[in-house]
Amino acid sequence: MKNSLPDLRAERDWSQGDLAEKLGVSRQSVNAIETGKFDPSLPLAFKLARLFKQPIEAIFSEK
Amino acid sequence: MPLFCRKNLTPLQRRTMGLMSAAIILTILTNLTIPGLPNPLVDVFPGLARLTTPNGHSPVLLAGVLSAVSLLPILLAVWAAARYLKSEPDEFIRALVVRALLWGFAITMAGNTVAGVLMNIYARPFPLAILNADLFFVSTGFAFRLIQWSYR
């Protein structure tokens, strides 16, 4: 799955560690999601959507 | 910094690592109760050999107790892993741990199968079958590090 997390993060000047802290997950989790190696669960995707104030489909899209 | 590095462990991970370490120590201790395996304790205290194998054979009750004792570290490890997986909030780490545990089980079962075939062919006991817990802990640990490395 593709995602725009690196761009959204860059807009806010957040590091992977900052985003991980806001989500309550490890930095490795954020890295794995951003690189498309790990697909987040629905609750985590909703958490990301709420955090970035964007709909889920604006953050994640099928390859 | 890698996951499960002492510096960045969460309290839950720290507790689980402690329990797993206890299970590993218990495994080593229970290995020392198994007659027939190389046992440094028997070398230091030769009298222990007569306690576990009087007349060359373990009494039925003692054999039953020894076999039940060897089960303890496995039960402790499974309980600790289940407790950890139930409470770990990070789904990515949970997925890594589940995969590592599956690899650990797979390698242990594969080792047992090979040991079983060898026991059948050579008609003699092969110690790997009673070192299941050791094999499981070592293979799970290696599998976790390898899986973690694959996500870099």
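This is a short talk on how two chains of a predicted model meet, and on a few helices and loops within them.

Hi everyone! Let's start where the chains touch. On chain A, 10 residues are in contact with seven residues of chain B. Which helix gives the largest share of chain A's side? That is α3 of chain A, residues 27-34, with three residues. Sorted by class, chain A's side has four nonpolar residues, five polar ones and one charged one.

Now let's go inside. The largest nonpolar core has 18 residues, and the members that touch the most others are B:Phe92, B:Leu96, B:Val97 and B:Ala100. Helix α3 of chain A gives two or more residues to this core, and so do α5 (72-87) and α6 (91-122) of chain B. The biggest contribution comes from α6(B), with six residues.

So α6(B) deserves a closer look. How far apart are its end C-alpha atoms? They are 46 Å apart, and that agrees with what we should get for 32 residues at 1.5 Å a residue, because the expected span is also 46 Å. Along this helix, the buried residues are B:Phe92, B:Ile93, B:Leu96, B:Val97, B:Ala100, B:Leu101, B:Gly104 and B:Thr108. They pack against α3 of chain A, and against α5 and α7 (132-150) of chain B. Take B:Ala100 as an example: beyond its neighbours within four places in sequence, it is in contact with B:Thr140, B:Ala143, B:Phe144 and B:Ile147. Just after α6(B) comes B:Ala123, with a positive phi near 50 degrees.

Back to chain A, please. Helix α2, residues 16-23, and α3(A) have axes that come within 8 Å and cross at roughly 110 degrees. Angles from 65 to 115 degrees count as roughly perpendicular, so that is the word for α2(A) and α3(A). From α2(A), the contact uses A:Gln16, A:Gly17, A:Leu19 and A:Ala20, while α3(A) brings A:Arg27, A:Ser29, A:Val30 and A:Asn31. By class, that makes three nonpolar, four polar and one charged.

Last stop: two loops of chain A. Most residues other than glycine have a negative phi. A:Asp13 is not a glycine, yet its phi is positive, about 60 degrees. You'll find A:Asp13 in the loop between α1 (5-11) and α2 of chain A. Is A:Asp13 buried or exposed? Exposed, because just 7 other C-beta atoms lie within 10 Å, and 12 or fewer counts as exposed. A:Lys53 also has a positive phi, about 50 degrees, and sits in the loop between α4 (42-52) and α5 (56-59) of chain A. With 8 C-beta neighbours inside 10 Å, A:Lys53 is exposed too. Thanks for listening!

Note on methods: Residues are numbered from 1 along each chain as its sequence is written. Chains are lettered from A and ligands numbered from 1 in the order in which they are written. This is a predicted model: local features need pLDDT of at least 70, side-chain atom pairs count only at pLDDT 80 or more; totals for chains, interfaces and linings use all residues. Two residues are in contact if their C-beta atoms, placed from the backbone, lie within 7 Å. Helices (H or I, at least four residues) and strands (E, at least two) are DSSP runs, numbered from the N terminus. Ala, Val, Leu, Ile, Met, Phe, Trp, Tyr, Cys and Pro count as nonpolar, Asp, Glu, Lys and Arg as charged, and the others, Gly among them, as polar. A nonpolar core is a set of buried Ala, Val, Leu, Ile, Met, Phe, Trp, Tyr and Cys residues joined through C-beta atoms within 7 Å. A residue is buried if 20 or more other C-beta atoms lie within 10 Å of its own, exposed if 12 or fewer, and partly exposed in between; C-beta atoms are placed from the backbone. The expected span of a helix is 1.5 Å times one less than its number of residues. Axes are lines fitted to C-alpha atoms, for helices over the stretch in contact, and angles run from 0 to 180 degrees between N-to-C directions. Angles under 35 degrees count as roughly parallel, over 145 as roughly antiparallel, 65 to 115 as roughly perpendicular and the rest as oblique.
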